[in-house]
Amino acid sequence: MDILKLIGIAICSVAANMAVREYKREFALVISLVSGAIILVMAINMVTPVFDSINRLCTKYSLDTGHISIIIKIIAISYLTQFASGICSDAGEKNLSSKVELAGRIMIASCVIPIAISVMETIENMIESV
Amino acid sequence: MTIDIIFRLAGIGIIVAVITQLLKQTGRDEIALLVTIAGLVIALMTAINVISTLFDSVKRIFTFY
């Protein structure tokens with residue numbers, strides 16, 4: 001079970017973090033950064049079968065993969081933004097972490113605009129065809 | 001790619017802390033500062049390697065569309 005390995009790594013990194021924290025605070029930050037990155041790498045390798053099945057589903061029913069790719073891009077953006085803002089708030093920089101989250105939201109909003117436009121167009125076509 | 005990186009970083013941190021205490025006792029504060037900075041640079045190099053693997057795997061997985 002991969003989840004046990006993940007939990008083990010998290011607990012070990014917290015222990016290592018505690019050991020180093022009162023002597024050198026900057027190393028505690030580096031350790032939390034590295035452990036967060038390791039856990040995310042392990043988590044993201046578990047996502048590939050999900051995306052493969054979505055891909056197969058799309059090609060099988062010939063769905064429009066444009067919207068699906070935007071959704072996946074949004075997932076990637078939120079994934080990394082949450083990682084970065086977590087690191088910043090761990091280091092005590094609440095201000096920086098909220099700035100990173102704001103930038104992430106803006107990027108996600110800029111991704112969503114084309115979907116909204118296409119929805120409006122489809123509605124417009126429906127109304128005209130009536 | 002698992003726990004050994006974390007424990008290596010913890011080891012670097014503890015060794016740097018011990019060396020700086022030692023140097024501070026003998027009165028060489030500037031060298032203690034240099035040792036701290038050197039240890040931090042080494043730790044950040046390993047951190048950069050781990051983060052580059054993270055970003056590579058994210059790029060590989062999320063951009064095949």
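Which residues does A:Ser97 touch, not counting residues up to four places away in sequence? Here is a friendly walk through this predicted model, beginning with that serine.

1. **A:Ser97 and its contacts.** Beyond its sequence neighbours up to four places away, A:Ser97 touches A:Ser85, A:Cys88 and A:Ser89. On the chain, you will find A:Ser97 in helix 5, which covers residues 94-129 of chain A. Its relative accessible area is 8%, and the cut-off for buried is under 20%, so A:Ser97 counts as buried.

2. **Another buried serine.** A:Ser32 belongs to helix 2 of chain A, residues 25-45. With a relative accessible area of 12%, A:Ser32 is buried. What is A:Ser32 in contact with, leaving aside its neighbours within four places in sequence? The contacts are A:Asn17, A:Ile87 and A:Asp90.

3. **An exposed lysine.** Please also look at A:Lys94, which sits in helix 5 of chain A. Is A:Lys94 buried or exposed? Its relative accessible area is 55%, and exposed means over 50%, so A:Lys94 is exposed. If you would like to trace a distance on screen, go from A:Lys94 to A:Asn55: the two are 39 residues apart in sequence, and their C-alpha atoms are 38 Å apart in space.

4. **The fold of chain A.** Stepping back, chain A contains 5 helices and 0 strands. Following the sequence, the pattern reads α-α-α-α-α. The radius of gyration of chain A is 20 Å, whereas the globule rule gives 14 Å for 130 residues; the value is well over the rule, so chain A is more spread out than a compact globule. The C-alpha trace of chain A spans about 70 × 35 × 15 Å along its principal axes.

5. **Contacts and burial in chain A.** Of the 130 residues in chain A, 28% are buried. Take the contacts in chain A between residues at least 6 apart in sequence: 58% of these join residues at least 24 apart.

6. **Surface and charge of chain A.** Chain A exposes about 8000 Å², and 70% of that comes from carbon and sulfur atoms. As for charge, chain A carries 10 positive and 11 negative charges, and the mean positions of the two sets are 10 Å apart.

7. **The fold of chain B.** Chain B has 2 helices and 0 strands. For its 65 residues the globule rule gives 11 Å, but the radius of gyration of chain B is 17 Å, well over that figure, so chain B is also more spread out than a compact globule. Its C-alpha trace covers about 60 × 20 × 10 Å along the principal axes.

8. **Burial, surface and charge of chain B.** Buried residues account for 35% of the 65 residues of chain B. The accessible surface of chain B is about 3900 Å², with 73% of it belonging to carbon and sulfur atoms. Chain B has 5 positive and 4 negative side chains, and the centres of these two sets lie 6 Å apart.

9. **A loop glycine in chain B.** Where is B:Gly27 found? B:Gly27 lies in the loop between helix 1 (3-25) and helix 2 of chain B. With 52% relative accessibility, B:Gly27 counts as exposed. The C-alpha atoms of B:Gly27 and B:Ile12 are separated by 22 Å, with these positions 15 residues apart along the chain.

10. **An aromatic pair between the chains.** How many aromatic pairs does a search of the whole structure find? There are 2 over all chains. In one of them, the ring centres of A:Phe51 and B:Phe62 are 5.5 Å apart and the planes meet at 70°, so this pair is edge-to-face. The pair crosses between chains, running from helix 3 (residues 48-61) of chain A, where A:Phe51 sits, to helix 2 (residues 29-62) of chain B, where B:Phe62 sits. Both A:Phe51 and B:Phe62 are buried.

11. **A tilted pair and the cluster.** The rings of A:Tyr79 and B:Phe62 have their centres 6.2 Å apart and their planes at 50°, so this pair is tilted. Because A:Tyr79 lies in helix 4 (residues 65-90) of chain A and B:Phe62 in helix 2 of chain B, this pair joins two chains. A:Tyr79 is buried, as is B:Phe62. Through these ring pairs, A:Phe51, A:Tyr79 and B:Phe62 are linked into a cluster.

Definitions and conventions:
Residues are numbered from 1 along each chain as its sequence is written. Chains are lettered from A and ligands numbered from 1 in the order in which they are written. This is a predicted model: local features need pLDDT of at least 70, side-chain atom pairs count only at pLDDT 80 or more; totals for chains, interfaces and linings use all residues. Side-chain values use heavy atoms; hydrogens and water are left out. Helices (H or I, at least four residues) and strands (E, at least two) are DSSP runs, numbered from the N terminus. The radius of gyration is taken over C-alpha atoms; the globule rule is 2.2 Å times the number of residues to the power 0.38. Buried means under 20% relative accessible area, exposed over 50%, partly exposed in between (1.4 Å probe, protein chains only). Contact means heavy atoms within 4.5 Å. Accessible areas come from the Shrake-Rupley method with a 1.4 Å probe; for residues, only the protein chains shown count as cover. Lys and Arg count as positive and Asp and Glu as negative; His and the chain ends are not counted. The place of a charge is taken as NZ of Lys, CZ of Arg, CG of Asp or CD of Glu. Rings of Phe, Tyr and Trp (its six-membered ring) pair if their centres lie within 6.5 Å; planes under 30 degrees apart count as stacked, over 60 as edge-to-face and the rest as tilted.
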